[in-house]
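Welcome! Please take a moment to look over the sequence and the model below before reading on.

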Amino acid sequence: MTTVDDRPVAPAGAPRRPNPVLALLRNSWRQLTSMRTALVLLFLLAVAAIPGSVLPQRGVNPEQVNRYFRDHPDLAPQLDRIGGFEVFGSVWFSAIYLLLFTSLVGCILPRMRDHLRALRSRPPAAPKRLERLPQHAVLEAPAAADPAAIAAVLRRRRWRVEVRGNEVSAEKGYLKETGNVLFHASLVAVLLGVVLGSWYGWHGNRLLVAGEEFCNTRQQYAEASLGPRVDSGDLPRFCLTLDDFDARFHPSGQPESYRATVTVDELTGSTRQASFSVNSPLRLGSANVYLLGHGYAPILKYTDRYGRSQTSAVPFLTTGDANITSEGVAAFPDANVDPATGKRDPAQQIAFEGLYLPTAPETPPFTSSRFPTERNPAVVLVAYRGNLGLDAGIPGSVYQLDQRQVRNGRLKQIGDAKLGVGEKWTLDDGSTLEFLGTKPYVTLSVRHDPGQTLLLVACVVLLAGLMASLFVRRRRVWFRVVPADPGSGSPTSGSSLVRAGGLPRTEHPGFADEFAQLVAAVRDDGRTRGRGE
């Protein structure tokens, strides 16, 4: 080894030492883009999505998240710290998602390149010893046995054929690898569709009582989520008014159909009426309005001890049973204002919490409805008087009382009653509550998902590719025309022999029958041509 300026110089022709950093990166990339890694990441993504389906998510139902915090005050903050209530937007879920995307792209591109090269290449030449293949046969042919005629038989059966002198090579089943490539490419397209919908999509949920109007602004949604590339000004402009809701049930109580009728105002100077159902959303430009649920809003009239009345249609949320037993709260914080001073006494606020039963039983207990339609509507309410906690500035649910006010004694129970339509309840201070009837309400989900079409197409192609990769079999056959051995005792003077061999590229139980049919077709074609000559 020579030196230059006291530095050692490797002799000419000596192998260069690999850069350890480049070697590490190269090996890491190979591991990441292997099919095994892609399968592991796909499994991890499925496992990581489980908390998103088990735990309530803020982007879907923040009310349930708040309820989970109230029910599990110790566990909920720990889950929130690791993104348990925003699983699909968490750092760890996004990391798995991006790694899977990178792995699939790095895995698919080389396979696609190799498959395109295989599609352009010719079927391989026949091996020297066809009798060593899993399927082989020897058949006698006329002296004029023509490889081109054999090739024609194979082409009629949709084989890719190549004739080389006295040999015919054929291959079939390229659709298997095509389906495999399409399957994995569709997975990438599904991921792209999800990303597109996440970035440029938006959705909002709104409970709408009959007769009320709702306009498509973020402030009027109960829950709304806009993609990072979407601004509030990008929402399409329209307003909806719920005119009617028709729910029909079978005698067993099973639902038959749901249909909502609304007045649509797209702020163009004219309105129109439209109807939609569960499986047929209302399409308004780039937005789709879906019908998620329905229920009833009891109309309650409260007259305070000073004679002032307030009437409110309060939506009661269903408890989940099939007969639409619902629960809710009707609060009247502005009741019992002293007319002499005009001041509101927080200690005199009133609220009613309880159940609404579309078909109440005739006898106690009045805890659940007997049928989902209104055959014997009734409300079962508990009255509370005191500070409702609305002035504390602490956000709470409009469908539940603040139980902290009950526990600290600021809100006290003063009675309970069951009311049918038209019945009146007189409280201890002379104030009254009257149940006037109900209004239907619907729960709407307004969505825009620009990746929806891509997802649909990708899923269809994914299934087609999966079917092709599972049921199509790659196989090869060869035919070689050779002169008959004079000592073989062939009865036909000057005849030739056709040696055939077949090789399935993948496990194919039916290949033996297919090969036998192919050989028979070649034999029959040779006999037909022999008689014709």
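The report below visits a sheet, a disulfide, two further cysteines and a pair of helices. Please keep in mind that this is a predicted model.

**The sheet**

A good place to begin is an open sheet of 4 strands, in which the order is β7-β9-β10-β11 and the pairing is antiparallel. At the edges lie β7 (213-215) and β11, each of which pairs on one side only. If you follow the sheet across, the twist averages 30 degrees from one strand to the next. As background, strands of a sheet pair through backbone hydrogen bonds, either parallel or antiparallel.

Let us look at one pair of these strands. Strand β10 (residues 255-265) and strand β11 (residues 271-276) run antiparallel and are joined by 6 bridges. Two partners are easy to pick out: T261 has S275 of β11 as its bridge partner, while V262 is matched with A274 of β11. Together β10 and β11 make a hairpin, with 5 residues between the strands. In the turn you will find L267, whose phi is positive, at about 60 degrees.

V262 also offers a way to another part of the chain. G211 and V262 are 51 residues apart along the chain, yet their C-alpha atoms are separated by 9.4 Å. G211 belongs to the loop between β6 (202-209) and β7. With a relative accessible area of 60%, G211 is exposed.

**The cysteines**

How many disulfides does a search of the whole structure find? The search gives 1. The disulfide joins C215 to C239, with a distance of 2.0 Å from S to S. It links distant parts of the chain, since C215 sits in strand β7 and C239 in strand β9 (residues 239-249), 24 residues apart. Is this disulfide right-handed or left-handed? The torsion about the S-S bond of C215 and C239 is about 100 degrees, so the disulfide is right-handed. Both C215 and C239 are buried.

Two other cysteines, C107 and C459, are in no disulfide. The table sets them side by side.

| Cysteine | Nearest cysteine sulfur | Distance | Relative accessibility | Class |
|---|---|---|---|---|
| C107 | that of C459 | 19 Å | 7% | buried |
| C459 | that of C107 | 19 Å | 39% | partly exposed |

The separation of 19 Å explains the absence of a bond here, because a disulfide needs cysteine sulfur atoms within 2.5 Å.

**The helix pair**

The last stop is a pair of helices. Two packed helices are described by the angle between their axes and the distance between the axes. Here helix α8 (residues 174-200) packs with helix α10 (residues 452-471) at an angle of about 155 degrees, and the axes are 7 Å apart. That angle makes α8 roughly antiparallel to α10, because an angle over 145 degrees counts as roughly antiparallel. The crossing in which α8 passes α10 is left-handed. What kinds of residues make up the contact of α8 with α10? The residues divide into 16 nonpolar, 6 polar and 1 charged.

Terms used:
Residues are numbered from 1 along each chain as its sequence is written. This is a predicted model: local features need pLDDT of at least 70, side-chain atom pairs count only at pLDDT 80 or more; totals for chains, interfaces and linings use all residues. Side-chain values use heavy atoms; hydrogens and water are left out. Axes are lines fitted to C-alpha atoms, for helices over the stretch in contact, and angles run from 0 to 180 degrees between N-to-C directions. Helices (H or I, at least four residues) and strands (E, at least two) are DSSP runs, numbered from the N terminus. Angles under 35 degrees count as roughly parallel, over 145 as roughly antiparallel, 65 to 115 as roughly perpendicular and the rest as oblique. A crossing is left-handed if the near helix is turned anticlockwise from the far one by less than a right angle, and right-handed if clockwise. Ala, Val, Leu, Ile, Met, Phe, Trp, Tyr, Cys and Pro count as nonpolar, Asp, Glu, Lys and Arg as charged, and the others, Gly among them, as polar. Two strands pair if DSSP finds at least two bridges between them. Buried means under 20% relative accessible area, exposed over 50%, partly exposed in between (1.4 Å probe, protein chains only).
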